[in-house]
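This report describes a protein with its ligands, moving from the binding sites to the fold as a whole and then to some details of the backbone.

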Amino acid sequence: MSTRNLEYLFRPQSIALIGATDHLHAVGNVVARNLLASGFEGALAGVNPHLPNLGLPVYPDVASVPFVPDLAVICTPAPTVPGLIEELATRGTKAAIVISAGFSGVEGEPLRQRMLEAAGKHLLRIVGPNCLGVLSTPAKLNGSFAHVAAKRGRIAMVTQSGAILTTVLDWATARGIGFSHLVSMGDMSDVDFGDMLDYLASDAETDAIILYIEAVTHARKFMSAARAAARVKPVIAIKSGRHPAAAKAALSHTGALAGSDAVYEAVLRRAGILRVKTLEEVFDALETLGMGYVPHGEKLAILTNGGGAGVLATDALLDLDGTLAELSPATITTLNAAMPLTWSHGDPIDIIGDAPPERYAAALKILLDAPEVDTVLVMNCPTAVASSSDAARAVIDTCAAAHRTVITNWLGALAAEEARALFTAAKIPTYETPDEAVRGFMHMVRYRRAQDTLMQVPAALAEGMHPDRAKAHALIEDALSRGLTWLPPQDVAALFAYYAIPVARSLFAATPKDAAACAKKIGGPVVLKIVSQDIVHKSDVGGVALDLMGSAAVTAAAQAMLDHIAQAAPNARIDGFLVQEMVDRPNATELILGMTEDKTFGPIMLFGRGGTAVEVIADTTLAMPPLNMALAHTVIARTQVAKALRGYRDRKPADMDAVAGALVKLTQLVSDLDDVAEIDINPLLADDTGVIAVDARIRIARAAERTSWRMSISPYPADLEQTAQIDGLGRCFLRPVRPEDAPAFTEFFAHLTPDDIRLRFFSMWHSLPQRQLARLTQID
Ligand code: ADP
Ligand code: MG
């Protein structure tokens, strides 16, 4: 729905607990105690006809509560809930946390519907049902049955699993890490991830957001809200694979390679969300986020009293694609003057096992002053000659005066315990192992990198492109009206031509004799391919003959192909042949480019190493449309095949712009043509002279008859997302509130210079009708 009324969830003035009870260990009892213990300052009431004695006023029913509760926490059995919501909403309650379960299945579903109808009439917002509740420390609210209370902090956690909430809360509390809000989402019947992200993005109490996602429901809203949120604060997501990839018949390579987990990976990346795989990684990331650590750049220096530990950390860093700072001659000279002769003279900076606290302090000070260093990882191995705790104190004192960032890893168990407590108290991130330290650092680096991707907003139309959309539509319409599922190869070639995607010259031939004539027209050596709606992989059934020269060779090959396929695929209906120019690029790399549709997120693009072994090599990556050249280059760079494309030995570098260009154009084709359901270009040959597609398949199906839909990164054309400097607010990120506002929004921004936006927006924001127009998120 949006963020409407969510302030009553996070900042209620009054709360009613429905189902408050004195039965120890009952949910209604735990919640009552939590509500009381959290020190909520507003009005608090319990509702229970048995009027238990609980230390808070209890009333027999909602009607008897002497005030209108802003927020209701409901723990009563599911069948009672729709009626309660109706009653509360009518009285003016604005938000409810429904902890009760039992809203799915044959019996539950109707209850869920009735509950939502009752709430919807009055815009009462519901968190849950089937959830653990909500904790909000700024409001001193603990409307949950969590076993520990949250410390006040600036991290928000939104989770689809109550168990994960309590686990993270337990872990964090033990380490003194606090939260602004913890929300257990339960079944997400009303409030979902998109709403939460929208709210938390502009919540002044929250600096970072952690999501535990099992499945995203409203993909458009989620993407739009996630992108807006990730622009202003780190958003970390852990995605569990509770729903395995739907088994789908792999009609294309792309379909086979785009598993649901890979799709989430692409989606979260596009949203600028940092994805972590395990709870430990959430904790690693929390350590840096929780301490307010922000990396200034990617270069890490490693300061240690043990050479081996330094090497372990360096290995971990390089494994994760991180950058070790390279010390400048000036820094080395300064260190030489302050360190014993035997120091390592490079990064990692090994200051030797006997290092006393003073040496730690001196070395750290020099590194913090060095411009080539962005972050210092300080490590300590326990020794008999120097105290680990004193070393920690020296580091803490040195950090106090510095602006650059420091993270720490004190190895060992007993010896390190005190040091770790000191670091935690001083708000310096500290880790137990070199691996964890480096992982925590790299999360922040990846977060920074994600910000760059996020700032890329592809133009509505790829630059310099003038696709002939009318012809493209007509061509697909014609194929659909003939009942075809796969676009005939000659039509694929024509379609690609409209989008300026280079494709090998191809002609269709009905018979072997025709094929010879077509070969003559094309001239030079040709390739002959079988054309059949029933054959997916042509070479598997002898349906590809390469490098044929002359009419006799072509006719003979065509006849042989028919004979062979009659054996290999007796049921395949043969339409004819495709005669193709033989592309002579001996040094080309074979690539795959494709598109498949995810049932939640719509079209997803695929890029990677192509050829017949594509599934075995599995060197592919997915990306969400739309793409521009900059994004396409980052997509390519994620694969191993990118290294081959950059050239090696006598292999010249491929034309990377042409490769990226093909991906951008294909993405454009996908967003223009709703009836294109799946695409496989395999291979696209790439070398220094450019790219050319030699085999491409396009599956078509009427958009109206499919469940899927086209998604751009926001529900609006991408260029509707605006960044503007606004007086009194600073840099802001703007987008229309509702899709139907898009034209007015565009109209408003179309003729404005940045300065105009600055002035006019301010007045617009304060004039009511237009306030509805744009959603604004402060960036700085
Ligand atoms: P399929 O993938 O259905 O088996 P392809 O059309 O991809 O059939 O052909 C198989 C392989 O033959 C390609 O991967 C490519 O290496 C080669 N090939 C196909 N067409 C051409 C062509 N026009 N020029 C050069 N090589 C080609
Ligand atoms: Mg192929």
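## The shell around ligand 1

Sorted by class, the residues that form the shell around ligand 1 comprise seven nonpolar, four polar and five charged ones. The model is a predicted one, and in it 16 residues surround ligand 1, with Lys529, Lys538, Ser539, Gln580 and Glu590 as the closest. Four strands, namely S21 (526–531), S22 (544–548), S23 (576–581) and S27, each contribute at least two residues to this shell.

Polar contacts to ligand 1 come from both side chains and backbone. A polar side-chain atom of Lys529 is placed 2.6 Å from an oxygen atom of ligand 1, and an N or O atom in the side chain of Glu590 lies 2.5 Å from an oxygen atom of the ligand. Glu581, by contrast, takes part through its backbone, with an N or O atom 2.9 Å from a nitrogen atom of ligand 1. Taken on its own, ligand 1 has 540 Å² of accessible area, and the protein covers 89% of it.

## The magnesium ion

The magnesium ion, ligand 2, has as its protein donors Asn682, through O, and Asp695, through OD, which lie 2.2 Å from the ion. Because Asn682 belongs to strand S27 (residues 676–687) while Asp695 sits in the loop between strand S28 (690–693) and strand S29 (696–700), the pair ties together parts that are 13 residues apart in sequence. Asn682 and Asp695 are both buried.

Asn682 also takes part in a backbone feature, since the peptide bond that leads from Asn682 to Pro683 is cis, with omega near 5°. Pro683 is likewise found in strand S27, the strand that supplies at least two residues of the shell around ligand 1.

## The fold as a whole

How many helices and strands does the protein contain? Its secondary structure comes to 27 helices and 32 strands. Of the 780 residues in the protein, 56% are buried, and among contacts with a separation of 6 or more, 72% are between residues 24 or more positions apart. The protein exposes about 31,700 Å² of surface, of which carbon and sulfur atoms supply 54%.

Helix H9 (residues 260–270) can be described residue by residue: Val263, Tyr264, Ala266, Val267, Leu268 and Arg270 are its buried residues. Just after H9 comes Gly272, where phi is positive at about 80°.

## Backbone details in the loops

A cis peptide bond, with omega of about 5°, also joins Asp347 and Pro348. Pro348 is located in the loop between helix H12 (329–338) and strand S16 (349–350).

Two residues that are not glycines nevertheless have positive phi values: for Asp321 the angle is about 70°, and for Lys427 it is about 60°. Asp321 lies in the loop between helix H11 (307–319) and strand S15 (323–324), and it is exposed, with a relative accessible area of 52%. Lys427 is placed in the loop between helix H15 (414–425) and strand S19 (430–431), and Lys427 is exposed as well, with a relative accessible area of 57%.

Methods:
Residues are numbered from 1 along each chain as its sequence is written. Chains are lettered from A and ligands numbered from 1 in the order in which they are written. Side-chain values use heavy atoms; hydrogens and water are left out. Buried means under 20% relative accessible area, exposed over 50%, partly exposed in between (1.4 Å probe, protein chains only). Contact means heavy atoms within 4.5 Å. Accessible areas come from the Shrake-Rupley method with a 1.4 Å probe; for residues, only the protein chains shown count as cover. Donors are N, O and S atoms within 2.8 Å of the metal (3.2 Å for Na, K and Ca); water is not among the atoms, so sites may look incomplete. A residue is near a molecule or strand if one of its heavy atoms lies within 4 Å of it. A polar contact is a pair of N or O atoms within 3.5 Å; within protein, one must be able to donate a hydrogen and the other to accept it, and residues adjacent in sequence count only if both atoms are side-chain atoms. Ala, Val, Leu, Ile, Met, Phe, Trp, Tyr, Cys and Pro count as nonpolar, Asp, Glu, Lys and Arg as charged, and the others, Gly among them, as polar.
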